[in-house]
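Reader: Please take a close look at the charged side chains of this model, at how they pair and how much of them is covered, and then place that part in its wider surroundings. I would prefer one connected account, with the numbers kept next to the statements that rest on them.

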Amino acid sequence: MSDETTSTTPADESVEVQAETPPTEGEETPAEEAPVVEEAPVVEEAAAAPEEAPALEEAPVVEEAAAAPEKAPALEEAPAVAEEAPVVEEAAAAPEEIPASAEEPPVVEEAPAPAPAAPKPAVPSPAALASRMAARPTPPVAAVVHEHSDSAKFGRVDDEGHVFVKVGDEEREVGSYPGATPDDALQYFARKYDEIASSADLLVQRLANPDVPAKEVADGLSTLKDHIAEAHVVGDLAALEASVASIEAGLASKRETEQAARAEARAAATVEREAIVAEAEAIAGQHPDQTQWKQSGERMRALLDTWKQHQRSGTKLDKPTENSLWQRFSHARNHFDKGRRTYFAQLDSTRAEAKGTKESLVHEAEALATSQDWGPTARAFKNLMDQWRQAGRASRTEDDALWERFKAAQDSFFNAKDEVSAAEEEEFRANLAVKEELLKEAEQILPVTDLEKAKAQLRTVQDKWDAAGKVPRADIDRTEKAIRRIETTVREQDEKKWKSSNPEVAARANSMVTQLRSSIETIEKDLAKATAAGNDRSVKDLTAKLESQQVWLKQAEAAGDEFGS
């Protein structure tokens, strides 16, 4: 058999290998051309992790291994593990010695001579471990049994051991498996196909999962395409290409869905940011005199924290919208801060002015506190109080202190006034008793039968009333109203008598009666003429006029009787 270059493909990548015949006893196999170890043997001192053993199965298959140099006693004693390839004992090195990629298996080296004794024992190399293991009995390892793959029906093996895969009406060589039966060779490459097909199926599942983003699916699809492009496998490649096409179509749809979701989320985030900005602008637009600066300042800070939270964990907005909203938000915050500084600067000025005004009022109040001119001083304090209310407010501490001084001066005056008033009240109670007796005496005047006698009695009571003096404040209104009622009754009787005896008024009343009687006689004559003539309209007008003047006549006659005419 002539030398030829063939390639085999593991689950994730292909390796190009050149070989002629399988390795013979006593020959060393280069690590990069080592056949696949389906399942690594358990090494007592190497302590390889069981879950890492399948990684050795992924090592590239050596189609036709080249002859190796001599001096490999460790390999002579290594037992065969699988039906597909001999086991290289050095492959069972410690876990850290096992390469992650199946493309670079460890190189088999000749065991070095024992190192001289050292103060500290050195970590043995893989070759040294292999040399030690050679002297120990190797526990039996069960052969790996692979499940039959139906993908093998898409391939064949020729007489020389070359494996081909059918792609439509064509065939494509994928490699060879030296030392294996045709069925085993087909199964090996079919299993490699199944692994790629499983990766495609898994990608389909991830594509259907809404929690998996399109980018991850796209990355997985790119890796899958790379593996398919480099793969040397046996299986339904047309179906695999169809799966890739289906994934690509689904990926495009998923991207559209994600774009729509992102657009919707961005719109919702824009509305939320707009609400933040609108509230900030509303706070900044308040009238300074109606703004609760502490609460509004705290709310502004909370809105800024909410904005930052949206930036950290919320949906990102497009840059123009983000910049526009931020400019508005920043302007509102700056306007609010400027307004607050201006307001409190003016407030300080106003408070200083109010403080000066109230200090002057306090000085005036303290000067009046000892006055005993009760009436005028009380009015002066009332005027000072009106000025105090109009002066505005100083700072809370200063305003409270000034108010305490003002109130102390005010209380000092009114307390002294109340003490004097209390003493006067005691004196006035005796006067009240006198006036109540005078009221009883005045009540005897009513009803007025003899006007002149009533007037004389009333004058006597009035003189005694004035001499009695003041009564307590609470009784002033009651007593004054009682005496005024009696005085009014007597005065009305006097006025009535005077009117009735006034000659001028009586003459006017008599003249009115005379004129009305003459007018009535004239109207009666005219009415008789209109009735005789049958003039209904004139009769109606004259009748109404006659009735009116007859009413006036009765009133004039009553007035004349009152004046004694």
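Author: A residue counts as buried when its relative accessible area is under 20%, as exposed when that value is over 50%, and as partly exposed in between. Asp 386, at 30% relative accessibility, is therefore partly exposed, whereas its partner Arg 389 reaches 59% and is exposed. The model is a predicted one, and every value here is computed from it. The side chains of Arg 389 and Asp 386 form a salt bridge, with a distance of 3.3 Å from N to O. They are three residues apart in helix 9, so about one helical turn separates them.

A salt bridge with similar spacing along the chain is found in helix 10, where Glu 437 and Lys 440 lie three residues apart, again about one turn of the helix. Their closest N and O atoms are 3.7 Å apart. Here Glu 437, at 48% relative accessibility, is partly exposed, while Lys 440, at 54%, falls on the exposed side of the 50% cut-off.

Helix 6 supplies a further example, in which Arg 262 and Glu 258 are four residues apart, about one turn of the helix. Their side chains meet in a salt bridge at 3.7 Å, N to O, and Arg 262 is partly exposed with a relative accessible area of 41%. As a general background to such pairs, side chains of opposite charge can pair when their charged atoms come close. These three bridges are among the 25 found in a search of the whole structure, and some charged residues go beyond simple pairs, since Glu 274, Glu 281 and Arg 328 are linked in a network of salt bridges.

Not every arginine of helix 6 is placed like Arg 262. Arg 273 also lies in helix 6, which runs over residues 237-284, but at 1% relative accessibility Arg 273 is under the 20% cut-off and so counts as buried. Apart from its neighbours within four places in sequence, Arg 273 is in contact with Trp 307, His 310, Gln 311, Thr 315, Leu 317, Glu 322 and Leu 325.

Two other arginines lie over the faces of aromatic rings. Arg 156 is over Phe 164, at 4.7 Å from the ring centre, and Arg 333 is over Phe 329, at 5.9 Å from the ring centre.

Rings also pair with one another, and the count for the structure comes to 16 aromatic pairs. One of them, Phe 381 with Phe 414, is tilted, with 5.8 Å between the centres and 55° between the planes. This pair leads back to the helices of the first two salt bridges, as Phe 381 is in helix 9 (residues 374-390) and Phe 414 in helix 10 (residues 396-443), 33 residues apart. Its members differ in cover, for Phe 381 is buried at 0%, while Phe 414 is partly exposed at 27%. Elsewhere, Trp 293, Phe 336, Tyr 343 and Phe 344 form one aromatic cluster.

The nonpolar surroundings complete the picture. Of the 30 residues in the largest nonpolar core, Val 163, Val 217, Leu 224, Val 234 and Leu 251 touch the most other members. Strand 4 (162-167), helix 4 (182-208), helix 5 (214-230) and helix 6 each give two or more residues to this core, and helix 4 gives the most, with 11. A second, separate core of 18 residues includes Val 277, Ala 284, Phe 336 and Leu 347. Phe 336 thus appears in this second core and in the aromatic cluster.

A smaller view of nonpolar and charged residues together is given by Val 490 in helix 12 (residues 473-500), which is buried at 3%. Val 490 is in contact with Ile 445, Val 448, Leu 451, Lys 455 and Leu 458, leaving aside neighbours within four places in sequence. The C-alpha atoms of Val 490 and Lys 455 are 6.8 Å apart, although the two residues are separated by 35 places in sequence.

For the protein as a whole, the secondary structure comes to 14 helices and five strands, and 34% of its 565 residues count as buried. Among contacts between residues at least 6 apart in sequence, 73% join residues at least 24 apart. The accessible surface comes to about 34,400 Å², of which 51% belongs to carbon and sulfur atoms.

Note on methods
Residues are numbered from 1 along each chain as its sequence is written. This is a predicted model: local features need pLDDT of at least 70, side-chain atom pairs count only at pLDDT 80 or more; totals for chains, interfaces and linings use all residues. Side-chain values use heavy atoms; hydrogens and water are left out. Buried means under 20% relative accessible area, exposed over 50%, partly exposed in between (1.4 Å probe, protein chains only). Contact means heavy atoms within 4.5 Å. Rings of Phe, Tyr and Trp (its six-membered ring) pair if their centres lie within 6.5 Å; planes under 30 degrees apart count as stacked, over 60 as edge-to-face and the rest as tilted. A charge sits over a ring if NZ of Lys or CZ of Arg is within 6 Å of the ring centre and within 35 degrees of the ring normal. Accessible areas come from the Shrake-Rupley method with a 1.4 Å probe; for residues, only the protein chains shown count as cover. A nonpolar core is a set of buried Ala, Val, Leu, Ile, Met, Phe, Trp, Tyr and Cys residues joined through side-chain atoms within 4.5 Å. A salt bridge is a side-chain nitrogen of Lys or Arg within 4 Å of a carboxyl oxygen of Asp or Glu.
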